[in-house]
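Trainee: Hi, could you walk me through this one? I'd like to get my bearings before I set anything up.

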Amino acid sequence: MLRAGSVVPCMACRNLLPSRMGVKFRIPLQKLHPLSRAIHHRYTANNNPQRSPHCSAARHYTSLSRLPIRPPKSRSGGHGYQQHRTFWVVSLASRLLKLRYILLGSAVGGGYTAKKTYDEWKDMFPDMSQYTWIVPDFVRELSENIDLDKFASALPEMEEIAKLLPDMEKIGENFTFLKSLLSSGLGSEVNGASGLRLLLETTGDSALRAPDIPPASAARSDSSDKHFKKSSDKEKVDQLQEELVRTQMKYQRMLERLEKENKELRKVVLQKDDKGIHQRKVKKSLIDMYSEVLDILSDYDSNYNTQDHLPRVVVVGDQSAGKTSVLEMIAQARIFPRGSGEMMTRSPVKVTLSEGPHHVAMFKDSTREFDLGKEEDLAALRHEIEIRMRKSVKDGQTVSPETISLSVKGPGIQRMVLVDLPGVISTVTTGMAADTKETIFSISKAYMQNPNAIILCIQDGSVDAERSIVTDLVSQMDPQGKRTIFVLTKVDLAEKNMASPNRIQEIVEGKLFPMKALGYFAVVTGRGSVNESIDSIKDYEEDFFQNSRLLREGMLKAHQVTTKNLSLAVSDCFWKMVRESVEQQADAFKASRFNLETEWKNNYPRLRELDRNELFEKAKNEILDEVISLSQVTPNHWESILQKKLWERVSTHVIENIYLPAAQTMNSGTFNTTVDIKLKQWTDKQLPHKALEVAWETLQEEFARFIAEYKGKDQDDIFDKLKEAVKDESIKRHKWNERAMDSLRVIQHNALEDRSITDKSQWDAAIQFMEETLQSRLKDTDSVIADMVGPDWKQRWLRWQNRTAEQHIRNETKNELERLLKVNEDHTAYLANDEVTTVRKNLEARGVEVDPVLIKDTWHQLYRRHFLQKSLLHCNLCRRGFYYYQRHFVDSELECNDVVLFWRIQRMLAITANTLRQQLTNTEVRRLEKNVKEVLEDFGEDTGKKVQLITGRRVQLAEDLKKVREIQEKLEAFIEALHKEK
């Protein structure tokens, strides 16, 4: 036991305390600060070398004490004198020899006895090697890296410390006066003083005791009583209270200075740790491990009623009550956006506080560290928090339930996890969403309904207590007040503006509000200026409470004021709640994991537990393989598909706008001229564009076909929605090279200009192409006419079908027009007006009323069929016309210019298909593959997109399993580290 006063074990401790002080520090050596113990052992080993290291009482039990005096032997016998006289020489020699042996034996026996006694006493002392774990590692490192002699020389002198210590004699006199007041029955007036005395005993670091007044000072006490009676008792009570408050403040400043020195030393040690002095691996701190668990739980939506009941400090309060300011004082940095009267906190902000060598802040999803000692970084951090809040708020809303996770480290910061919630409002103002009030209430209730959450209820002390909204909300969520800490802010304004200071006392004693709480605190968070620093706010808070009559008159107790005491209390409460509840939460997640694993085994026994991200990576590889398969398509396949699709797209234009008008001409010269003009116009305006459309559509269809027909061994229908979305988005982003159209136009124009057919095979191919085209058109025309006139007599008899009135009119018109064509097979493509009149009158004579437009429409289809039939006959005649073609149809009645036209069209289609195939295989397929990769990367970064496209119970079950396992593993690691810290 260390005593300050008469006996001090070491010179360092003797210098720290004056000898006149009668204060006893009953603190075991093991409970001293590690630095103090190190200094203590350093000095006690050198400053008193004359003192034995063992207890001085041990020497009373050794055998080295004085030997007992031997009684003198009596002389007997008659011849003694003669013998003595005769043999005195021999007797003298024998005595000398005997004395030598006695001394030698005594020395040997004494040495053995001393060694045995030393060994016995040594065994009585405990083995201090078993208690080396009490001394932290950094104390040993201090002895290696810090010069303790230099540090000891920097310690204050005894005179300086004596100035900070109170005058215990005067305090003893004051306590004597208190005793006399209590004996005289002034209990009501001394309540405040006695309360402050108890507060002084409970809040100090050591138990301070007033010295006992000896009996010899009774006369002096009587004289002091007479002196006190001259003034009023009230003034003496005030003086005593002021003295006690002043004493408390002196000790508070002394503790703060020592804590500051300790913080600097710890910062030096931690910085040397960062520089690599220790070769051991640095582990995560407890609070960081716990914060990771909370981050995972914030994104976890359980379907098995396993709710997040892990402790956290939830900061709630009315809007502009000072929640953010209190949180900044605890974090020791102004890290949040600030505004005057407007809502700044638009989403929950989870702040993980921990101790570290540098005062820095960092977001969960970012690697950037903000140096909180630099104003530029502080401004950037506030701006980033504001941006994240606004991004989290959806359109049409004012607040968001999405949590922003932030960690703050620094020397001397208390370890805890706090969540700053949006301020509770009573009225929705202009510019806010209509459901803002209800949304804030729901967010606050969601956090406060956690039975292990610590509710830090912030109340503005400068406004009327009756206007508070949050107190009713807190009392609903925690009626017994077992996990609520009440904080009264802006006490300086409250003391200045409030007519009755006793109202503040009623608030902090829990008598004014219906809610209950574990503790009540009063704080001051500055003068209201945005540019105030944390240090200036601390100084202002300390000066205010030192001079405040609330503390001086006993309305507030010292442990109830300042944000420092608040942070210590909240941290202690937080870790107590963590130790009590974390193992129950681990067991709950263990049971949830068992349920999920059982469901997976029963429903998907042969499938791996792939979560959404893993499934996306698997689907990504499959899609990329399918895109690569496009490069394996043969050139013949590409060209056949492109040629077929291109002719389907342009055949109508060729027949209707080029071939039919040219065929109506009277001679071959006019036919070729008409064809050349129309082909040139078509090539310049429409043909290249149509060709690129066909090529693009062909690429899309082939890509879709490969995705649909991909049948690998790991094919899974769970990827269908994702593949379809990737295909659509990739095609939407893909754009054909614009320069390809110009080059394609030139190629097509040159192909159509060539009229030379070199051999009979090309001629036959052109004849076949023309015949197939005309037959196809004739078939389509017959179908159109059949629809116009309705079923014939076979269909009417066999299928019981009848014609409509319109079909009957069209059938009669068709019969009349067919008779006209039989009369004149070389009729032109259009009917003259007199011919239309003649047909109409003939039909009216048979009782059929018909419109001239219907007659012309019917004639168009009939003449088209008639022309196609004649063209097919001409095509058959031209099969043997290649010889005449070589002679340019000289001296021949057979002219086959239409065959040459179809050969030019056929050759253009082949050349165009070949050109498009080259562009596809060389350029567009690669560009499409690049687009697919970009789309997959964008989808991979968009969590909402993956949730939308990869769905199903299987995916959700795998997601839950992964989350629960991760939470359980991190909880178990945290619990293990928590037990080691104990």
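Mentor: Happy to; we'll go through the disulfide, the cores, two residues of a helix and some strands. Keep in mind that this is a predicted model.

Trainee: Good to know. Let's start with the cysteines: how many disulfides does the structure hold?

Mentor: There is one disulfide. It is formed by Cys 878 and Cys 896, with 2.1 Å between their sulfur atoms.

Trainee: And which hand does that disulfide have, left or right?

Mentor: It is left-handed, because the torsion about the S-S bond of Cys 878 and Cys 896 is about -100 degrees.

Trainee: Which parts does the pair tie together?

Mentor: Two loops. Cys 878 sits in the loop between helix H32 (852–877) and helix H33 (882–886), while Cys 896 sits in the loop between H33 and H34, so the bond links parts that are 18 residues apart in sequence. As for burial, both Cys 878 and Cys 896 are buried.

Trainee: What about Cys 875, how far away is the nearest cysteine sulfur?

Mentor: That sulfur belongs to Cys 878 and is 6.8 Å away, and Cys 875 is in no disulfide. Cys 875 counts as buried, because its relative accessibility is 0%.

Trainee: Okay, new topic. How many residues are in the largest nonpolar core?

Mentor: It has 97 residues, and the ones with the most contacts inside it are Tyr 659, Trp 682, Trp 763, Ile 905 and Val 932. Helix H34 provides the largest share of this core, with 17 residues.

Trainee: Take Tyr 659, then. What does it touch, leaving out residues up to four places away in sequence?

Mentor: Its contacts are Val 654, Met 770, Leu 774, Phe 867, Ser 871, Asp 898, Leu 901 and Phe 902. Apart from that core lies another one of 65 residues, and Ile 296, Cys 573, Met 577 and Ile 975 are among them.

Trainee: Cys 573 again a cysteine! Is Cys 573 buried or exposed?

Mentor: Buried: its relative accessibility is 16%.

Trainee: Back to H34. Where does Thr 912 sit, and which residues is it in contact with, beyond its sequence neighbours?

Mentor: Thr 912 is in helix H34. Leaving aside neighbours within four places in sequence, it contacts Leu 646, Ala 691, Leu 744 and Gln 748. Thr 912 has 0% relative accessibility, so it counts as buried. Its C-alpha is 10.0 Å from that of Leu 687, and those two are 225 residues apart along the chain.

Trainee: And Gln 906, is it buried or partly exposed?

Mentor: Gln 906 counts as partly exposed, because its relative accessibility is 22%. It also belongs to H34, which covers residues 897–941. Beyond four places in sequence, Gln 906 contacts Gln 643, Ala 765, Ala 766 and Phe 769. Gln 906 and Trp 647 are 259 residues apart in sequence, with 8.8 Å between their C-alpha atoms.

Trainee: Last one, the strands. Which strands does E3 pair with?

Mentor: Strand E3 (residues 360–363) runs antiparallel to strand E4 (residues 370–371), joined by two bridges. A hairpin of six residues connects E3 to E4. E3 also pairs with strand E5 (residues 404–410), again antiparallel, over four bridges.

Trainee: Which residues are the bridge partners of Val 360 in E4 and Phe 363 in E5?

Mentor: For Val 360 the partner in E4 is Asp 371, and for Phe 363 the partner in E5 is Leu 406.

Trainee: Great, thanks!

Technical notes. Residues numbered from 1 in each chain as written. Predicted model: local features only at pLDDT ≥ 70, side-chain atom pairs only at ≥ 80, totals over all residues. Heavy atoms only, no water. Buried < 20%, exposed > 50% of the residue type's maximum accessible area, 1.4 Å probe, protein only. Contact = heavy atoms within 4.5 Å. Pairing = 2+ DSSP bridges. Core = buried A, V, L, I, M, F, W, Y, C linked by side-chain atoms within 4.5 Å. Disulfide = S-S within 2.5 Å.
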